[in-house]
Amino acid sequence: MNRRGRPVKLVVVSNRVARGKPNEPMTGGLAAALLPVVEHSGAIWVGSSGRVRDGHQKEPFAEIEALGSGAIATLDLPAAHYGGYYEGFANSALWPALHSRSDLIRVSRDDYVSYREVNAFMARALMRFRKPETAFWVQDYHFLALGAELRDLGVDDPIGFFLHTPWPVAAVMQGVPNHRELITAMLAYDLLGFQTDEDCQNFLGYAGGELGLVVEDGVVLSQHGRTRCEVFPIGIDAEKFAAYAAKSVSHPDVSRLRRSLNGERLAIGVDRLDYSKGLVNRISAFDRLWTDQPQFARSISLLQIANPSRGAIEAYGNLQNEVARLVTDVNGRHGEVDWTPIRYLNKGFSQAVLAGLYRTAQIGVVTPLHDGMNLVAKEYVAAQNPADPGVLVLSKFAGAANELETALLVNPHDIDGMARAIAVAAAMPLTERKIRWDAMMKTLRGHTIQQWSSDFVAELEKCRTEKVAAAPLASQPPQALRWLKSAISGVRLI
């Protein structure tokens, strides 16, 4: 409640939503991260239904269902623009650029038009959820321009944005068509959140250098006013994931995996099938391990779960074929009639089952070429048996490496170095494994998903208060903003 006694409203927006069903496949990422926030905060989570509409509807229509103390609202996006928005500009221009792969940018002029049209469509849809004392929290690169579209509709409520991917140096962003217009639109947000300090500084560098704007103490001054840029490393509910892991050891999938190992050590990788995840390099590192240190043949195997996505995009189709061929080649050269070096699965698992799979594996391999955070790294640590924890082999180019400093940090471009790290992990004594795991668990318990959301909303309150104070009093509505903090502690829906 705010000081007028009105119920408050937090509206969370993302491209995808998750429903939190126990058996629903889920592999880390944005949807898994937002699920507990919405379940416990009383927010409405708005996103795509996964369907498209033909455009005959005059107004966006949302289907609404309960999710814990909150709710999910899903929309059918416009068919005429969905392909250009999602497979086009979002994932063939922004995604490769944000992961510093300018060479993979493939986009047409119409794709940008469609991207902006879908952002405008979502803004119109959100107006039905706007009540007195509303705050909007927009997620990820699909909706960089959504804040500007909401402002154009007259919304003066607090609007924050969090980027789950990295943000590259200015020279890379300059390779994105319409980059100046798009990033200027981003400054309509009151608060921009990033995973790491490097990401935040890269954005500020673009705003000051490319756009020529005044940047001071993390605040950008633009035609939209003040935009604060801050770092909010996303976390997980470590205790909940640990409970999943302990309970899931009896799950049939987990039990069958454990029985099939015959005493060998298991390494596990869990990723979306994406070129940013470093799958080719990871498999090559295991190939190198078994080639150069044959004593590890039959004693270490890899379970690689790689859920396909974005298959209509050429780069993803090519990657899927390349990874499949490489796995076949490696298994053909190192396998035996009774031993398969790499178990390769192209499907997702629920978080509960994943937790049990993580706990079964003595080595977690999380080796992206570039990643905003990578929650799989944190999930693997949280799932371990405290009495006999496994070892995390982690890319130093994942945002998680800034927090999980006692993991075995590797350069994913160094195949020999990764092979050596896997061998070290396999031979690490229990005492050292416990010391490393204890340090990482302390970090996870101190930086939870709940703390992440609470910190962001508290900063959004601060930014909005500063914005109102800096503006002419006559032009500002007399709104009290302390309700934002209470949005995280639990509120009733309107």
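**Two sheets, a helix pair and two unpaired cysteines**

I'll start with a pair of helices: the axes of helix H3, residues 109–126, and helix H6, residues 179–186, come within 12 Å and cross at roughly 15°. Before going on, note that this is a predicted model. At that angle H3 and H6 are roughly parallel to each other, because the cut-off for that word is under 35 degrees. The crossing of H3 and H6 is left-handed. As for side chains and backbone meeting there, the H3 residues are Tyr112, Tyr115 and Arg116, and they meet Glu181, Leu182 and Ala185 of H6.

Next, the sheets. One is an open sheet of 10 strands with mixed pairing, and its order reads S3-S4-S2-S1-S5-S6-S7-S10-S9-S8. Which strands are at its edges? They are strand S3, 62–67, and strand S8, 214–216, each of which pairs on one side only. From one strand to the next, the twist averages 25°.

At the S8 edge, the partner is strand S9, residues 219–222; S8 and S9 pair in the antiparallel sense over three bridges. Within that pairing, valine 214 stands opposite leucine 221 of S9. Helix H7, residues 197–209, lies across this part of the sheet, over strand S7 (191–194), S8, S9 and strand S10 (225–231). H7 runs at about 155° to S10.

That brings me to the cysteines. How many disulfides does a search of the whole structure find? Zero. Why is cysteine 200 not bonded to cysteine 229? The cysteine 229 sulfur is the closest cysteine sulfur to that of cysteine 200, but the distance is 5.2 Å, which is too far for a bond; the cut-off for a disulfide is 2.5 Å. Seen from the other side, cysteine 229 is in no disulfide either, with the sulfur of cysteine 200 as its nearest cysteine sulfur. Are these two residues buried or exposed? Cysteine 200 has 3% relative accessibility and counts as buried. Cysteine 229 is at 4% and also counts as buried. The cut-off for buried is under 20%.

A further buried residue is glutamate 459, with a relative accessible area of 14%. Glutamate 459 lies in helix H16, residues 449–470. What does glutamate 459 touch, leaving aside neighbours within four places in sequence? Its contacts are Leu191, Arg228, Glu230 and Phe232. Of these, Leu191 falls in the range of S7, 191–194, while Arg228 and Glu230 fall in that of S10, 225–231.

Now the other sheet. This one is open, with six strands in the order S13-S12-S11-S14-S15-S16 and parallel pairing. Strand S13, 342–345, and strand S16, 408–410, stand at the edges; each has a single partner strand, so one side of each is left without a neighbour in the sheet. The twist here averages 20° from one strand to the next.

Inside the sheet, strand S11, residues 265–272, pairs with strand S12, residues 300–307, in the parallel sense over eight bridges. Aspartate 271 stands opposite alanine 306 of S12.

Two helices to finish. Helix H11, residues 314–334, lies across S11 and S13 and runs at about 155° to S13. Helix H13, residues 375–382, packs on the sheet and touches S11, strand S14 (363–366) and strand S15 (391–395). The direction of H13 makes about 170° with that of S15.

Conventions. Residues are numbered from 1 along each chain as its sequence is written. This is a predicted model: local features need pLDDT of at least 70, side-chain atom pairs count only at pLDDT 80 or more; totals for chains, interfaces and linings use all residues. Side-chain values use heavy atoms; hydrogens and water are left out. Buried means under 20% relative accessible area, exposed over 50%, partly exposed in between (1.4 Å probe, protein chains only). Two strands pair if DSSP finds at least two bridges between them. Helices (H or I, at least four residues) and strands (E, at least two) are DSSP runs, numbered from the N terminus. Axes are lines fitted to C-alpha atoms, for helices over the stretch in contact, and angles run from 0 to 180 degrees between N-to-C directions. Contact means heavy atoms within 4.5 Å. Angles under 35 degrees count as roughly parallel, over 145 as roughly antiparallel, 65 to 115 as roughly perpendicular and the rest as oblique. A crossing is left-handed if the near helix is turned anticlockwise from the far one by less than a right angle, and right-handed if clockwise.
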